[in-house]
Amino acid sequence: MAKDYYGILGVSKDATQDQIKRAYRKLARELHPDVNQEDGAQERFREVSTAYEVLSDPQKRQMVDLGGDPMDSGGGAAGGRAGGDPFAGFGGLGDIMDAFFGGGSGGAGGRGPRSRMQQGSDALLRLELTLEECAQGVNRDVTVDTAVVCDNCEGGGSSAGSAPSTCDTCEGRGEIQSVQRSFLGQVMTSRPCPVCRGFGEVITDPCQQCGGDGRVRSRRTITVKIPAGVGDGMRVRLAGEGEVGPGGGPAGDLFVEVEELQHERFVRDGADLHCHVQVPMTAAALGTVVNIPTLEDEEELTVEPGTQPGTEYVLDGRGLPKLRSNGRVSGHGDLHVHLDVRVPTKLDEDQADLLRQLATVREEEQPEPTVSAGGNGHRNGIFSRFRGFGHR
Ligand SMILES: [Zn+2]
Ligand SMILES: [Zn+2]
């Protein structure tokens, strides 16, 4: 798992370098093994130091912001790369970033020929899911169109029976050295060989199937397991399901990003759901029972006599599963039901008479509106006139 480096230092995601440095210094002073003998202090000190090392380096910080972990060298230390777990080791992105930033072998130009084999890039796929699917989790077959190893040359790039030959221009070194005159005197510079592109060898007889790239595009269908509780924008990582690299290099990862479709009844807020239920004014005054559809079935909601507009009911545990960053679910959100009271708009003469009679009985023919600054207004102002409507 990618560590929460921001959390370890106690800074926000948009903290400046200055704030990060200050937070680190403060913690380092408190936790330094020379001053702090408490259990676990040393461990914390190490954590804090690592977090600072990562967040003070713009490139590493960027990886973190992209969901990766620059300190995860690919398993080992981080442990927990359980097979099949879609969130397994969100780390390894470091490798991919190397591919992005041209790191790895031979990026800077100047340490012998670079390997033709390079890390493949990762792929991103968007998946539309209904709220119900997000709540329950789903297995979905997706078609991916990525680069795979060319089976004709097995990634080597040469046609059958032929092999790459050493580059004449650089004599296999992959780089060309030249002497330049500058105000400092003569400076030796080296740059990647343009003929072999730094590989030190040239494919003289390219594979006909892949043209020498060592990989071909292929369409395949894989099953993506989306865990319960995902939300809009969350990504599930399928390690090694991205593009194979040039020269048959290791594949990148496939990220499947959830795009949650709007629901007709519910608005989602994290693991909580919100919905509105409308009852007529008379029902709010007299009390009623409403069937509230939930994600799974429905639930009876008792509206007590004299319930005010805007009243909010919380149905515990009727929201979505709470998906933690470790990929596990702990607990459920709630369903918040907001009560809207409908005031009749088209009264016929009889109905109007009845309401007038009611107003007379209640001595409300000429109500005096109360103006107040009272919060949400439900308990104050003109609504207080209706209080106790059904209690008589
Ligand atoms: Zn090939
Ligand atoms: Zn060359």
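The following dialogue takes up a predicted model of a single chain and asks how several of its descriptions are justified.

Student: Why is Val187 called partly exposed rather than buried or exposed?

Tutor: The relative accessible area of Val187 is 31%, and since buried means under 20% and exposed means over 50%, the residue falls in between and is therefore called partly exposed.

Student: What makes Val187 eligible for the nonpolar surface patch?

Tutor: Members of a patch need over 30% relative accessible area, and Val187, which lies in strand S5 (residues 185-192), has 31%, so it passes that cut-off. Together with Phe183 and Leu184, Val187 makes a nonpolar patch of about 390 Å².

Student: How do you know that strand S11 and strand S17 are paired, and in which sense?

Tutor: Pairing requires at least two bridges, and strand S11 (residues 272-280) and strand S17 (residues 335-342) have eight bridges in the parallel sense, so the condition is met. Along this pair, His276 stands opposite His338 in S17.

Student: What makes strand S10 and strand S14 the edge strands?

Tutor: The open sheet runs in the order S10-S11-S17-S14, with mixed pairing, and strand S10 (267-269) and strand S14 (312-315) each pair on one side only. From one strand to the next, the twist averages 30 degrees.

Student: What does the chain contain as a whole, and how much of it counts as buried?

Tutor: The chain has eight helices and 17 strands, and 35% of its 392 residues count as buried, while carbon and sulfur atoms supply 48% of the roughly stated exposed area, about 23000 Å².

Key: Residues numbered from 1 in each chain as written. Chains lettered and ligands numbered in written order. Predicted model: local features only at pLDDT ≥ 70, side-chain atom pairs only at ≥ 80, totals over all residues. Heavy atoms only, no water. Helix = DSSP H or I, 4+ residues; strand = E, 2+ residues; numbered from the N terminus. Buried < 20%, exposed > 50% of the residue type's maximum accessible area, 1.4 Å probe, protein only. Areas by Shrake-Rupley, 256 points an atom, 1.4 Å probe, with all protein chains shown as cover. Patch = residues over 30% accessible without salt bridge, like charges linked within 9 Å, V, L, I, M, F, W, Y side chains within 5 Å. Salt bridge = Lys/Arg side-chain N within 4 Å of Asp/Glu carboxyl O. Axes fitted to C-alpha atoms, helices over the stretch in contact; angles between N-to-C directions.
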